[in-house]
Amino acid sequence: MALPDILKNNLRVPVVGSPLFLVSGPELVIAQCKAGIVGSFPALNARPAEVLDEWLTRISTELEAYKAANPDAYVAPYAVNQICHASNDRLMQDMETCVKHKVPIIITSLRPPAEVVEAAHSYGGLVFHDVISVKHAKKAAEQGVDGLILVCAGAGGHAGALSPFALVREVKEWFDGTILLSGAIGDGYCVASALAMGADLAYMGSRFIATEEANADQGYKDMLVASAADDIVYSSLFTGVDGNYLKPSIAAAGLDPNNLPDADKSKMNFGSGGNMKTKAWKDIWGSGQGIGAIAKVDTVETVVSELERDYKAAVSNLVSRAS
């Protein structure tokens, strides 16, 4: 298992809470880290750019104080997601802020992140890059990333179409860094399954939208509770990149979720205002397929406790079967 030192003995469950556009903020990240999983947020959620410095100060200060007051508790490090797209005119400014705060983990998306890797490694930070194919994985590995987030079929938001059984196995043939697996991971049994397949960490997003600490519309949270895998549609219309979205939210916007056109990917924009297409479709809500287990909106602590319980039960079951 290729688990970095910063994550050893600091995780209650081997889970990274994925960065959620507009939804992840300091409250969610702090709650996730205090509960013993890695919390993360997109840098572009902090608006204007100066707010990023305030968020990082708050997160690090509160986590340090909590750890000092609870020396025996699992307190996980946090991560910041950087969109490495040409239209993100905040990228280097945001990275300068991350370097100032020595952000433990940088999660990169969309483009091989050579300059981000160099900046993070300058202070000992880690870089995990999300990919949907072996081709993209190899390009990121060439840039020196510490880990690869394999975004497989069923993942929320911008998702790939490959089975995790295929992508994990092919990447592990040549990559010896940390492997994180994303795709319909909704409970502790799924977390255990991810590790059984060869991943080092599970990467979960949708389950944490339906939490009290998430900065999401109550209607969004309620829709997750009421929905299941069959309520998800895969489309590029809303951001220019293929992703999974809740059908009821698409229908509420006056569109037919079963007959959506493809988007013009040349119009993607991740400038200082964020993804302009996503802003225009702000009530189109992303979700992965692993939402069937969401019975109600809970605190992050409750969700992680349930993950831990089911994860340990799954591991115990595997051990008993193996023996």
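**Exercises: a strand, two helices and a covered helix**

**Exercise 1.** In this predicted model, work out which way the residues of strand S9 (residues 201-204) point and whether they are buried or exposed.

*Solution.* Start with the side chains: Leu201 and Tyr203 point one way from S9, Ala202 and Met204 point the other way, and all are buried. That fits the usual pattern, since in a regular strand the side chains alternate between the two faces of the sheet. Next, look for the neighbours. S1 pairs with S9 in the parallel sense over 3 bridges, and Gly17 sits opposite Met204. Strand S8 (residues 178-182) also pairs with S9 in the parallel sense, over 3 bridges; here Leu181 has Ala202 as its bridge partner.

**Exercise 2.** Describe how helix H7 (residues 188-197) and helix H12 (residues 300-322) pack.

*Solution.* First get the geometry: the angle is about 50° and the axes are 7 Å apart. Angles from 65 to 115 degrees would be roughly perpendicular and those under 35 roughly parallel, so H7 is oblique to H12. The crossing is right-handed. Now list who touches: H7 brings residues including Tyr189, Val191 and Leu195, while H12 brings, among others, Leu307, Asp310 and Tyr311. Sorting the contact residues gives 11 nonpolar, 1 polar and 1 charged.

**Exercise 3.** How many residues of helix H1 (residues 26-35) are buried, and what do they pack against?

*Solution.* Count first: 8 of the 10 residues are buried, so H1 is mostly covered. Among them are Leu28, Val29, Ile30 and Cys33. Then check the partners of the buried residues, which include strand S2 (39-42), helix H2 (50-69) and H12. Finally, step past the end of H1: Gly36 follows, with a positive phi near 100°.

Terms used:
Residues numbered from 1 in each chain as written. Predicted model: local features only at pLDDT ≥ 70, side-chain atom pairs only at ≥ 80, totals over all residues. Heavy atoms only, no water. Axes fitted to C-alpha atoms, helices over the stretch in contact; angles between N-to-C directions. Helix = DSSP H or I, 4+ residues; strand = E, 2+ residues; numbered from the N terminus. Parallel < 35°, antiparallel > 145°, perpendicular 65-115°, else oblique. Left-handed = near helix turned anticlockwise from the far one by under 90°. Contact = heavy atoms within 4.5 Å. Nonpolar A, V, L, I, M, F, W, Y, C, P; charged D, E, K, R; others polar. Buried < 20%, exposed > 50% of the residue type's maximum accessible area, 1.4 Å probe, protein only. Pairing = 2+ DSSP bridges.
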